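Colleague: Before I set anything up with this protein, I would like to go through its fold with you. Please show me the sequence and the structure.

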Amino acid sequence: MRAAARALRDARQVVVVTGAGMSRESGIPTFRDALTGLWARYDPQELATEAAFRRDPARVFGWYVGRWRLVRAAAPHPGYHALVALERLVPELAIVTQNVDGLHRRVGSRRVLELHGSLERFSCVDARHPFPADAVPEPAADAACEPPRCLRCGSAVRPDVVWFGEMLPERVTAEAWDLAAACQVMLVVGTSGLVQPAAQLPYIARDAGATVIEVNPAPTEVSAAAHIVCRGPAGAMLPALVAALTEGEST
Ligand code: OAD
């Protein structure tokens, strides 16, 4: 923790990369944790592809609207607040998240790049025309729900998340890659590092000379790229890291 705080103290630009583990202590399940992960209970090919949506739009749409409801009811844990505090302690900080839950923005982090889209936005499947979130129906929990129709072209409305086989949003991705190559410290929190291209970010930062710090209770594909590893949950480790940084500053 002291080594991590030292690296942060010397950094001008910090990038925080977050994955599903960041939200676990807010009650939002990860994807790949055994037993509790979403992909242990559901088949991603049946829920997280455009082909699945076109095959069974009501099932896929109902599942995503159910996740959106869970996210709205969730409260950001102390690790989220610690990242807001960290933003004030370093000259520049950006968060690059694979999460679609919007918790970083909700808690007040200012520079958040969403690589995999957002559960809180909707667009149509054919032309990606935006669709207002407040016009989306509210089905019972986990129930199938026929998606509304686009007001402009009439095609089905889908969540604005990146599905398997789809490209990441171009501008956001280019910005994230530039930030990774330019930062002095990259903090990687709660990701298995198994999904490309986001999994490249720690390696890009490391190759460009940054110190890579991993925060995760378990070893991952990122661990090999990390110079410093904080083994533990984000809700405890991130506040401890900010405390170590501020204690160091006052002495
Ligand atoms: P995963 O489910 O693959 O990995 C979650 C990681 O969080 C694991 O390494 C856990 O050890 C770690 N973890 C669990 N509890 C934690 C805690 N309290 N604090 C910190 N870490 C904890 O999730 P991602 O790596 O985010 O993509 O998955 C990447 C992508 O795969 C997702 O964005 C999603 C999914 O398919 C799309 O939807 C496009």
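The questions and answers below cover overall form, strand pairing, burial and charge.

Colleague: What is the radius of gyration of the protein, and why does it agree with a compact globule?

Modeller: Note that this is a predicted model. The C-alpha trace spans about 60 × 30 × 30 Å along its principal axes. For 251 residues, a compact globule would have a radius of gyration near 18 Å, so the value for the protein agrees with it: 19 Å.

Colleague: How many helices and strands does the secondary structure come to?

Modeller: The protein has both kinds of element. The count is 10 helices and 9 strands.

Colleague: Which strand is joined by bridges to both β1 and β3?

Modeller: Strand β1, residues 13–18, runs parallel to its partner and is joined to it by 6 bridges. Strand β3, residues 112–114, also runs parallel to its partner, with 3 bridges. The partner in both cases is β2.

Colleague: Which residue of β2 stands opposite V17 and has L113 as its bridge partner?

Modeller: On the β1 side, V17 stands opposite this residue. In β3, its bridge partner is L113. The residue is V96.

Colleague: Is strand β2 largely enclosed or not, and how many of its residues are buried?

Modeller: Buried here means under 20% relative accessible area. Strand β2 covers residues 92–97 and is largely enclosed by the rest of the structure, because most of those 6 residues meet that criterion. The number buried is 5.

Colleague: What is the strand order in the open sheet of 3 strands?

Modeller: The pairing in this sheet is antiparallel. Its edge strands, each pairing on one side only, are β5 (130–131) and β6 (157–161). The order is β5-β4-β6.

Colleague: Which residue of β6 is the bridge partner of F122?

Modeller: Strand β4, residues 117–124, pairs with β6 in the antiparallel sense over 5 bridges. The β6 partner of F122 is P159.

Colleague: What share of the contacts with a separation of 6 or more comes from residues 24 or more positions apart?

Modeller: Contact here means heavy atoms within 4.5 Å. Across the protein, 53% of the 251 residues count as buried. Residues 24 or more positions apart account for a share of 66%.

Colleague: How far apart are the mean positions of the positive and negative charges?

Modeller: The accessible surface comes to about 11400 Å², with 53% of it belonging to carbon and sulfur atoms. The protein has 26 positive and 27 negative charges. The distance between their mean positions is 2 Å.

Methods:
Residues are numbered from 1 along each chain as its sequence is written. This is a predicted model: local features need pLDDT of at least 70, side-chain atom pairs count only at pLDDT 80 or more; totals for chains, interfaces and linings use all residues. Side-chain values use heavy atoms; hydrogens and water are left out. Buried means under 20% relative accessible area, exposed over 50%, partly exposed in between (1.4 Å probe, protein chains only). Helices (H or I, at least four residues) and strands (E, at least two) are DSSP runs, numbered from the N terminus. Two strands pair if DSSP finds at least two bridges between them. The radius of gyration is taken over C-alpha atoms; the globule rule is 2.2 Å times the number of residues to the power 0.38. Accessible areas come from the Shrake-Rupley method with a 1.4 Å probe; for residues, only the protein chains shown count as cover. Lys and Arg count as positive and Asp and Glu as negative; His and the chain ends are not counted. The place of a charge is taken as NZ of Lys, CZ of Arg, CG of Asp or CD of Glu.
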